[in-house]
Amino acid sequence: METNRAISSRAKTLAQYDDVLELEEEEVLQLEEVVSQIADKVADYRTSFPGQLNTTFGSILAAQRPILNTQGPESQPGCSNDPHTSDVEGRGAALAGEVQKEAEKAQLLKEKISSNASAIPIVLNRMKECMARIDKLHSSKKVIHPAFKRRRAS
């Protein structure tokens, strides 16, 4: 009698385990589906995101650029008696002044960069000479004051 009860209780627990396993398998399948969807999204973003960044940054930079009047004054629409033309000319002159200042700054920066670049070999030679003198001092057996010795990192 007990064996039948034990067998039936074991059968019930096995059935419960099977139900739990089926539920876990369904959850695993759902999670695998979600992971595959996320992988598809990541692949899509990897292909489209650089192009989106390029267009976004390009439009931001284009919006920040000053508008330059490349046409001559004879091709501007409007008559000379218009009271707003003096405002436009004033803004254009101020804008031209700003552009000229920026061009001067850029030229100054280029000059500084080229002078620094031309000074690099001289600085390197001086560094080599100083390093050689330091090595010569280390190799000699003279007493060096402790203030001038390198501190050891501990």
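Begin by selecting Glu 25, which has its place in helix H1 of what is, as the reader should keep in mind throughout, a predicted model. With a relative accessible area of 52%, Glu 25 is exposed, because residues count as exposed when that value is over 50%.

Next, keep Glu 25 selected and add Asp 18, Asp 19, Glu 22, Glu 24, Glu 26 and Glu 27, since these residues and Glu 25 form a negative patch on the surface.

Now widen the selection to residues 14-41, the span at which an unreviewed UniProt entry places the feature "coiled-coil region". In this model the span is 100% helix and 0% strand, and a distance drawn between its end C-alpha atoms comes to 40 Å.

From there, move along to Tyr 45, Phe 49, Leu 53, Phe 57 and Ile 60, which form a nonpolar patch on the surface and together have about 500 Å² of accessible area. Within this patch, pick out Ile 60, a residue of helix H1, the helix that covers residues 2-64. Is Ile 60 exposed or partly exposed? Its relative accessibility is 40%, so Ile 60 counts as partly exposed, given that this class lies between the 20% limit for buried and the 50% limit for exposed.

Finally, clear the selection and show the whole chain, in which there are two helices and zero strands. If you colour the chain by accessibility, note that 0% of its 154 residues count as buried. The accessible surface of the chain comes to about 14900 Å², and 59% of that surface belongs to carbon and sulfur atoms.

Note on methods: Residues are numbered from 1 along each chain as its sequence is written. This is a predicted model: local features need pLDDT of at least 70, side-chain atom pairs count only at pLDDT 80 or more; totals for chains, interfaces and linings use all residues. Side-chain values use heavy atoms; hydrogens and water are left out. UniProt positions are given in the numbering used here, feature names are shortened, and annotations may be inferred rather than shown by experiment. Helices (H or I, at least four residues) and strands (E, at least two) are DSSP runs, numbered from the N terminus. Buried means under 20% relative accessible area, exposed over 50%, partly exposed in between (1.4 Å probe, protein chains only). Accessible areas come from the Shrake-Rupley method with a 1.4 Å probe; for residues, only the protein chains shown count as cover. Patches are made of residues with over 30% relative accessible area and no salt bridge: like charges are joined within 9 Å, nonpolar side chains (Val, Leu, Ile, Met, Phe, Trp, Tyr) within 5 Å. A salt bridge is a side-chain nitrogen of Lys or Arg within 4 Å of a carboxyl oxygen of Asp or Glu. Lys and Arg count as positive and Asp and Glu as negative; His and the chain ends are not counted. The place of a charge is taken as NZ of Lys, CZ of Arg, CG of Asp or CD of Glu.
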